[in-house]
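Work through the two exercises below with the sequence and the coordinates at hand, and compare each step with the worked solution.

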Amino acid sequence: MDGNGRWAKSRKLPRTAGHKKGIEATKAIVKRAGEIKVEYLTLYAFSTENWNRPESEIDDLMSLLRFYLKSETAELHKNDVRLRVIGFREKLSQDIITLIEKVESMTANNTGLNLTIALDYGSRQEIVSAVNRIIHDGKTDIDESVLSTYLFTHDIPDPDLLIRSSGEQRISNFLLWQCAYSEFFFSDLMWPDFTSEEFDKAIEAFRARDRRFGGIESVQA
Ligand code: IPE
Ligand code: MG
C-alpha cells in the first residue's frame with residue numbers, strides 16, 4: 001500500500017492526511033475482497049525499514065493502526081473475516097500487541113476472508129530468523145517445506161498475485177520467499193486513490209496471465 005505520502009504532498013497536506021485517506025482505501029479493498037470471495041488478502045502496512053522514518057510519523061502510523069484495530073474489529077468479525085498479523089512484534093507498544101492478540105483470537109474460527117496485516121515485517125529478517133530457529137531446534141538437512149513452516153506465513157498459502165500501488169516497481173523486502181511464482185501488478189494510483197475498480201482490474205489482469213511455474217503447460221489456479 002504505497003503512495004500515501006505523495007498523495008498528501010501533491011495536495012499540500014501533511015503526510016498523516018495521506019495515511020488517514022489510505023485507511024479508507026484499505027477498508028474498501030477489504031470489503032471488495034470479501035465480496036468477490038478472495039480467500040487470502042495480505043496488506044503490507046509497516047516494514048522493518050519503516051522504523052527509520054521520523055518518530056512523529058511512526059507515532060501517527062501507530063495511532064492510526066490502533067484506531068483501525070479498535071474501530072474495525074467488530075465489523076471484521078461480523079463479516080466472518082479471520083485476521084492475522086505477521087511480522088516482528090517486539091518493537092510494537094504493548095497495548096498494540098494486546099489488541100492484535102485479542103483480534104486474532106476473537107476471529108480465529110472465522111471462515112471468510114483471511115486478512116493478514118504485515119506489520120514490522122521484513123522478508124530477509126523473517127528468513128534469517130527462520131534459519132536461526134531451525135538451527136536452534138537442531139534440524140539438519142532441511143527442505144523447502146521445513147523452512148516454510150518456520151516463516152510467519154506458515155499457515156497461509158503463497159500469494160498468487162502481488163499488487164503494488166504508486167507507480168513503484170519493486171518488492172521492497174516483502175514476502176521474498178513466498179512470491180517465488182507470484183504474478184505482479186503495478187498500479188500508478190497512489191494508495192489513497194486505489195479503488196475497488198482498480199482492484200478488479202488487477203484481478204482481471206491476473207486472470208489473463210499464463211502461469212506455467214517453470215513448465216510449458218498452463219497451470220490453472
Ligand atoms: C504508505 O505510503 C505506506 C506506509 C509505509 C505506511 P508511504 O508513506 O510510503 O507514501 P510515499 O511512498 O511517501 O508516497
Ligand atoms: Mg512509500
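**Exercise 1.** Determine which residues of α4 are exposed and which are buried, and explain how the buried ones are arranged around the axis.

Solution. Exposed means over 50% relative accessible area and buried under 20%, with partly exposed in between (1.4 Å probe, protein chains only); by this criterion Q94, K102 and S105 are exposed on the other side of α4, whereas I96, I97, L99, I100, V103 and E104 are buried. The buried residues lie on the same side of α4 because they cover an arc of only 160 degrees around the axis, the arc being that of the directions from the helix axis to the C-beta atoms.

The model is predicted, so local features need pLDDT of at least 70 and side-chain atom pairs pLDDT 80 or more, while totals for chains, interfaces and linings use all residues. Residues are numbered from 1 along each chain as its sequence is written, chains are lettered from A and ligands numbered from 1 in the order written, and side-chain values use heavy atoms, without hydrogens and water.

**Exercise 2.** Identify which protein atoms lie at the stated distances from oxygen atoms of ligand 1, and find how much of the ligand the protein buries.

Solution. Start with the backbone: an N or O atom of G5 lies 2.9 Å from a ligand oxygen, and one of N4 lies 3.2 Å from a ligand oxygen. Turning to side chains, an N or O atom of R15 is 3.0 Å from an oxygen atom of ligand 1. Finally, ligand 1 taken alone exposes 380 Å², of which the protein buries 86% (Shrake-Rupley method, 1.4 Å probe).

Conventions: Polar contact = N/O pair within 3.5 Å; in protein donor to acceptor, adjacent residues only side chain to side chain. Helix = DSSP H or I, 4+ residues; strand = E, 2+ residues; numbered from the N terminus.
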